[in-house]
Amino acid sequence: MDNPAIVQICHGKIYPPYISAYALRANNLLKGYNTTIVSTGGMVIRDNFTNNIREYRSMVTTIYSVVKGNRYLEIAISRGKFLRKKYIESVKSIISKSDIVILEGPWQYYLFRGDLKGKYIVYDAHNAESLLRKTNKYYEYALHLEKDLVTASNLILTVSSQDMDYFIKSFNAKNIFMATHILGNSTYQWKGENSKDIVFIGSIYGPNIDAVNFILSIARDLPDFRFNIIGNVNLHRFPHIPGNVKFYGMVNDEEKNRILSSSFLALNPVFEGGGRNVKMVDYIMHGIPIITTEIGSRGFSDYNFRNAFIVDSGKNYVSIINKIASDRERLKMMSQAVEELGNELIRKEGDKEASRIILQEYNKWKSLEHS
């Protein structure tokens, strides 16, 4: 009972852990426990078995999804479109030997629900996926899928109070907890007070691609500043990149921390999405002043971030950047406010570790099962 076998069922590339916010959460959710992480889909060229991770290539599914468009990858996976028999059989085998089954997203619930009898089911909701697809042609399908998983789950984890409210009101969710991810409670010294560097972090994901296109457009009007873009969003083919924009691609933690700490400003111009942006938490833990859209500030409504973030629709980023850069005292005050926000995040959320919640609730369930 103290060391249950756990499987986390994912989609997309999850190794290395820092390749995306999704991978980071999946890899750190139960670090150090008896966990196997399995995944299919995404840019996985060959099967990769590293440590406790099992990544299965599924290029046919991925290519088919690109052709279909409309955010079809998750839908294709949920329907088993071109998924390899090897992957399906492997996951079924791992589930049979596991006590706890965690679905990192709802997409594979229909594929494996027949194998979940007697298992403790956890839905780790990185987003409210059906809510995200409100204007998508697959909305009704996603709505029913997510509702069915919420109903079947013994435990639901969310990353924002808005998502939690949605699950409760829309699906009558019961055993639900907010388990945010604050990057190990680590804080770093901000050194960007005299810098001209601006940073953005993003994986290759629609809203991040849109954000980078936006950054490229404003970079042309801000030639005195350097825009540093971290993450595999660089795999997208962006045309006409200005000379003051540098793509770093995937970097290790040491290099990422160097770039973040030396930047005077972080940007989050995302115009759609759900849950809480992990990039925002990363910015906060580094003490960097932030310009974000309202969508980008989601997940922080319970906090006073007025002096830490500047929230703008996207129309005034150029003038705001020029104004902040010319007022370094204000910049320092913003950084102090960001640091205070980071400390408040740690105070309020530092004890809400997902591993503690999962094992605590599993042990309660197990005790009732044997009573």
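Helix axes that meet at an angle of 65 to 115 degrees count as roughly perpendicular. In this predicted model, helix α7 (residues 139-152) and helix α8 (residues 161-171) pack at an angle of about 90 degrees, with a distance of 11 Å between their axes, and the two helices are therefore roughly perpendicular to each other. The contact involves Leu143, Glu146, Lys147 and Val150 on the α7 side, and Tyr166, Phe167 and Phe171 on the α8 side. Sorted by class, the residues that make the contact of α7 with α8 comprise five nonpolar and two charged residues, with no polar ones.

Charged pairs were examined next. Side chains of opposite charge can pair when their charged atoms come close. The structure as a whole contains 14 salt bridges. One of these joins Arg25 to Asp124, with the closest N and O atoms 2.8 Å apart; Arg25 belongs to helix α1 and Asp124 to strand β6 (residues 120-125), so that the pair links distant parts of the chain, 99 residues apart. Both partners of this salt bridge, Arg25 and Asp124, are buried.

A salt bridge is also found between the side chains of Asp115 and Lys92, with an N to O distance of 2.9 Å. Because Asp115 is located in the loop between α5 (109-112) and β6, whereas Lys92 is part of helix α4 (residues 85-96), this pair ties together parts that are 23 residues apart in sequence. Asp115 has a relative accessibility of 25% and therefore counts as partly exposed, and Lys92, at 31% relative accessibility, likewise counts as partly exposed.

Within helix α13 (residues 328-349), Glu329 and Lys332 are three residues apart and are therefore separated by about one helical turn. These two residues form a salt bridge in which the closest N and O atoms are 3.8 Å apart, a distance that falls inside the 4 Å limit for such a pair. Lys332 is partly exposed, its relative accessible area being 37%. In addition to these pairs, a network of salt bridges links Asp47, Arg84 and Lys86.

Two loop residues were also considered. Ser297 is placed in the loop between β13 (290-292) and β14 (309-311). Its relative accessible area is 8%, and Ser297 is therefore buried, since the term applies to values under 20%. The side chain of Ser297 reaches the backbone oxygen of Glu294 at a distance of 2.8 Å. When neighbours within four places in sequence are left aside, the residues in contact with Ser297 are Met280, Thr292, Phe305 and Phe309.

Ile19 is found in the loop between β1 (6-11) and α1 (21-28). With a relative accessibility of 9%, Ile19 counts as buried. The C-alpha atom of Ile19 is separated by 9.3 Å from that of Gly249, a residue that lies 230 residues away along the chain. Apart from residues up to four places away in sequence, Ile19 touches Lys13, Ile14, Ser203, Asn232 and Met250.

Technical notes:
Residues are numbered from 1 along each chain as its sequence is written. This is a predicted model: local features need pLDDT of at least 70, side-chain atom pairs count only at pLDDT 80 or more; totals for chains, interfaces and linings use all residues. Side-chain values use heavy atoms; hydrogens and water are left out. Helices (H or I, at least four residues) and strands (E, at least two) are DSSP runs, numbered from the N terminus. Buried means under 20% relative accessible area, exposed over 50%, partly exposed in between (1.4 Å probe, protein chains only). A polar contact is a pair of N or O atoms within 3.5 Å; within protein, one must be able to donate a hydrogen and the other to accept it, and residues adjacent in sequence count only if both atoms are side-chain atoms. Contact means heavy atoms within 4.5 Å. Axes are lines fitted to C-alpha atoms, for helices over the stretch in contact, and angles run from 0 to 180 degrees between N-to-C directions. Angles under 35 degrees count as roughly parallel, over 145 as roughly antiparallel, 65 to 115 as roughly perpendicular and the rest as oblique. Ala, Val, Leu, Ile, Met, Phe, Trp, Tyr, Cys and Pro count as nonpolar, Asp, Glu, Lys and Arg as charged, and the others, Gly among them, as polar.
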